Structures are given as structure tokens and as C-alpha cells.
Amino acid sequence: MSELGDISKLQGDKNVFNRYDRRNTGKKVWAIVIIVTILFIAAIIYGKSLLMYTLSFDTMGGTEIPSIELEFMAEMHRPKDIPKKVGYYLAGWTKDKEGKRPFSFGSKIWWDTTIYAKWEEGVAISLNFADGEENDDLTTEQLKAQYEEWFRPGSADELPLVYNENENSPHYGERLLWFEDAACTGDPIFGKTYTLSENIEVYGKWFDVDESKFIISNDGTLKKYVGYCRNIIIPNNVRYIRDISRADYLTGSSDQIHDADNPNFSVFESVQGTLKSVYLNDGLLRIGNCAFKDCVSLTTIKSLGNSLLSIGEYAFDATLIEEFVLSSRMTSVGVNAFNGAKKLKNIVIGPQIESIESGAFANTGLVSITLPNVIQIGTKAFMGCNSLVAVYFLHNEMVNANAVTTPAMNSDACDNVFAGAATFSSSPLYNRLFIYVPESLIDDYQSSHPWSVYFDCLKPAPHND
């Protein structure tokens with residue numbers, strides 16, 4: 001029994017030893033796992049700190065973009081810079097120059113890698129300047145490089161909003177407005193989104209929209225423009241362009257252009273010889289006397305609204321404007337309003353206009369004019385309009401004209417409505433004026449002074465059937 005007892009005791013001691021050995025083995029395994037994990041993490045950390053890979057971009061003829069340095073096991077994301085290539089849009093990136101093996105961003109690289117741009121023919125809003133409208137600080141090439149984008153056909157694109165943001169430039173604050181005709185004679189497009197099935201051509205003109213260049217009094221009177229842009233938009237808070245007496249009118253000199261308090265100097269002195277186009281805000285009530293006088297390059301003046309109530313004397317004298325649309329809020333064309341606008345060929349007179357004051361269109365280039373509801377016309381209203389061939393009086397009552405001092409129709413000294421405009425000459429060197437009136441009134445016109453002076457010029461107005 002004692003021997004068996006000793007054997008059992010030894011067996012028990014062995015089991016205890018085995019359990020102890022297994023516990024030690026488990027600890028060793030866990031220790032190894034922990035050590036390996038620590039070493040692995042350390043290797044990653046160490047590797048990331050030492051191992052860097054370069055992702056390079058071959059833009060295949062497009063604008064260059066810089067390579068990207070990637071840490072060990074880092075994911076690749078699309079570059080912030082997008083290459084451009086005139087006439088093409090970026091269809092993607094590939095692993096080969098032939099464009100057959102697409103490359104996917106979001107994966108990892110383990111060595112230096114170059115990927116290749118894949119281009120396909122695209123469409124764009126093609127940006128251009130109107131002739132002579134370049135800005136000193138932003139050339140056409142720079143404009144295209146910065147704003148022109150080529151897209152997959154069927155994509156949508158919006159006209160870019162472009163300002164001159166160079167604070168040291170005399171053109172600071174100018175904005176590029178877009179037109180769909182190359183001469184930029186239509187209405188500007190302030191914002192538009194196109195669906196592109198083909199290239200769209202648009203043309204830009206620089207306009208000054210920087211209010212700090214317009215000196216405006218508290219009552220909304222524009223006293224002076226001190227910028228240098230050829231095209232301007234009158235700021236929204238302007239209600240009046242101040243009057244200048246024609247008798248005292250002065251053009252001044254360059255050192256006086258900032259003298260906004262002198263009542264006799266032109267509001268637009270700084271651009272008097274270069275100003276080409278003006279857009280009137282929706283809120284302007286009056287254009288003052290001599291407002292644009294001697295702006296000898298001014299060809300375009302348009303209203304962005306319908307607020308204008310009156311135009312002062314000689315407001316457009318010596319300008320080159322060819323047309324003007326009167327606001328529907330105007331009921332008369334004031335004394336000498338367009339006198340001296342020698343290139344004015346077309347004027348839109350709405351049905352609300354009832355009177356044409358003395359000299360309103362004197363010495364203009366009008367070819368024809370329709371006066372649907374005019375009932376009063378002043379002396380010399382069309383004096384010197386030697387291109388005028390047709391006037392249409394459409395009111396159902398005879399127009400009242402101020403009396404003439406003499407019936408001599410071709411004398412510049414007389415106060416006749418059409419002095420110097422009408423001629424009975426059959427010579428092809430002279431224009432023949434015809435005055436069209438309602439057929440029911442033609443006898444009254446031909447027998448009444450002063451219209452009887454134009455007996456042979458009076459004709460029945462055509463019917464608008």
C-alpha cells in the first residue's frame with residue numbers, strides 16, 4: 001500500500017507540473033503574440049515615417065499638375081488640381097498610355113507609380129473678348145486658362161462670373177459681362193446655364209461696377225465718375241445724373257476730374273473721349289442737362305429697367321448713339337433732349353408719349369420715326385434732320401404744332417418743325433421727306449397752318465391690317 005501511495009503522489013506531482021508547464025507555455029505564446037504585434041505596429045510606424053511613394057501624373061498634353069507624395073499604405077485620392085486640354089474633357093486616368101487599363105482612386109500603391117490622363121473630345125462655352133475690349137490685367141489667354149472648361153457633350157455649364165480683383169489696377173472692380181453677338185450690341189447676359197451639345201461662343205465686355213468710383217450725393221445724384229472704364233453700369237443707388245448748364249459747360253483737364261463739386265465740369269470727364277457704352281440702372285429717374293455731352297465715342301446707352309422720367313437738354317450732344325428706347329413712364333421728350341446726337345437713327349416712341357418738345361430731335365440722324373399718340377410738337381423739333389424720310393403721325397386727331405415764323409420751308413432761320421429736314425428737290429443727292437397721317441385727316445393737315453407748308457409731303461398712313 002505504501003508503494004501505491006507513493007506512485008499516486010508522484011502522479012499528482014506530475015499533473016501539477018504539467019498544469020504549470022501549460023500555463024507557462026500559454027504565457028509564452030501570448031508574450032510572443034504581443035511582441036510580434038508591437039513589432040508589426042512599430043514596423044508600420046517606422047515604415048510610414050521612412051517609406052514614401054510618389055504618384056506622378058502624365059497629363060498627355062494637358063496642363064501639368066504636381067506629383068503627390070504618399071506614405072506607406074496610404075490611400076490615393078484624386079488630385080485637387082484638374083488638368084485642362086483645349087478641345088477635350090478628362091474622361092479618367094489609366095495605368096497605361098494607351099488608355100486601356102483604368103486606374104481607380106482609393107486603392108494603395110507599394111511603389112512609385114505614374115498614371116496617364118485619358119482625353120476625349122469635348123464641348124465648351126468658348127470665351128472671347130469683343131474687339132478692343134481687352135483688360136490690361138487679364139488677357140484672353142489668361143481668361144480661357146482660368147475659366148474655360150471643356151465637358152462631355154450633353155453636360156451643363158454656367159457662364160463664369162469674372163471680376164478684376166487687382167486692387168492696384170485702375171480697372172479694379174470691373175466685371176466682365178457676356179453677350180452672344182460678337183459686337184456686344186445686344187443685352188448683356190448676367191447669368192445663364194447652357195446644355196452643351198456643341199460649342200457656344202460668348203463675347204465679353206468689361207464694365208465698371210465698382211460703386212467707389214461713382215461720387216454720389218445723399219439724394220442719389222451722380223456728381224462724378226472717377227474711373228477709367230470704357231463701359232459702365234450706373235450704380236443702383238443713383239436716381240439722377242446731375243445737370244450742367246450748356247452755357248457754362250466745361251470739359252476741364254485731367255487734374256480736375258476728381259472735382260465733383262464744380263457744377264460745370266462733365267460728370268464723365270475721366271472717360272469723355274473713350275466712353276463707349278452705358279447701362280442705366282432700374283431706378284434712374286432723370287438724365288441731366290449735358291449729362292453725356294461730348295462723350296464722342298459713346299455708341300450704346302441702354303436701360304436695365306423702366307424708371308426713367310425725363311432727359312435733360314443736350315444730354316447726348318456729339319455722342320454716337322444710334323438708338324434709344326424711351327421708358328414707358330415718360331410722357332414727353334423734353335426740349336433739346338437728343339439735339340446733336342448725329343448718329344441717332346432709331347428712337348422707340350411708346351404710346352404714352354404725347355408731346356415732342358422744341359428741338360427734341362434736332363440735328364440727329366433719324367431716318368424715320370413713328371409717333372403713335374403725339375398730340376403736341378414743338379418748334380424745330382426735327383430741325384436739321386437731313387436723313388429723315390418718313391414721319392408717321394398716327395393719332396386720330398390732328399397734331400398741334402407751334403406756329404412757324406415764316407412759311408419758308410428750307411430756311412434754317414425759321415422755327416419750322418422740319419426746318420432743314422424736308423426738301424422738294426428731285427435730285428438723288430437729297431432725301432425726300434414724307435409725313436404720313438390718318439387718311440381721314442389728310443385734308444385737314446393740307447389746309448391748316450403750319451402743316452399746309454408740307455402740302456406735297458403729306459400722305460395717308462398705311463393701314464395696319
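In this predicted model, S266 is a convenient place to begin: its relative accessible area is 0%, so S266 counts as buried. The residue sits in the loop that runs between β15 (240-241) and β16 (277-280). Its side chain makes a polar contact with the side chain of Q272, at 3.3 Å. Q272 also appears among the residues that S266 touches beyond four places in sequence, together with K224, R242, I244, Y249 and L250.

From this buried serine, attention can turn to the nonpolar interior. The largest nonpolar core has 71 residues, and the members that touch the most others are F268, F292, F338, F361 and F418. Two or more residues come to this core from each of β13 (221-225), β16, β24 (368-371), β26 (390-393), β28 (434-437) and α3 (442-447). F361 gives a good idea of such surroundings. Apart from neighbours within four places in sequence, F361 is in contact with V333, F338, L344, I347, I349, I356, L366, I369, A381, F382 and C385. A second core, separate from the largest one, is made up of 15 residues, including L127, L138, Y194 and W206.

Earlier in the chain, a sheet comes into view. Four strands build this open sheet, in the order β2-β1-β4-β3 and with mixed pairing. Its edges are β2 (68-71) and β3 (88-94), each of which pairs on one side only. From one strand to the next, the twist averages 30°. Strands β1 (residues 52-58) and β4 (residues 113-121) run parallel and are joined by four bridges. Within this pairing, S56 has T114 of β4 as its bridge partner. Strand β2 contains E71, and this glutamate is partly exposed because its relative accessible area of 38% falls between the limits of 20% and 50%. The C-alpha atoms of E71 and I109 are 9.5 Å apart in space, while the two residues are 38 residues apart in sequence.

Charged side chains complete the picture, with a count of ten salt bridges in the model. One of them links D208 to K213, with 3.4 Å between the closest N and O atoms. Both of these residues are buried.

K293 takes part in more of these links. The side chain of K293 meets that of D294 in a salt bridge with an N to O distance of 3.8 Å. K293 also forms a salt bridge with D317, where the closest N and O atoms are 2.9 Å apart. What does the pairing of K293 with D317 tie together? K293 belongs to the loop between β17 (286-287) and β18 (300-303), and D317 to the loop between β19 (310-311) and β20 (323-325), so their salt bridge ties together parts that are 24 residues apart in sequence.

The accessibility of these three residues can be set out in turn. K293 has a relative accessibility of 11% and therefore counts as buried. D317, with a relative accessible area of 12%, is buried. D294 is partly exposed, with a value of 24%. Elsewhere, E133, R230 and K276 are joined into one network by salt bridges that share partners.

How values were computed
Residues numbered from 1 in each chain as written. Predicted model: local features only at pLDDT ≥ 70, side-chain atom pairs only at ≥ 80, totals over all residues. Heavy atoms only, no water. Buried < 20%, exposed > 50% of the residue type's maximum accessible area, 1.4 Å probe, protein only. Polar contact = N/O pair within 3.5 Å; in protein donor to acceptor, adjacent residues only side chain to side chain. Contact = heavy atoms within 4.5 Å. Pairing = 2+ DSSP bridges. Axes fitted to C-alpha atoms, helices over the stretch in contact; angles between N-to-C directions. Salt bridge = Lys/Arg side-chain N within 4 Å of Asp/Glu carboxyl O. Core = buried A, V, L, I, M, F, W, Y, C linked by side-chain atoms within 4.5 Å.
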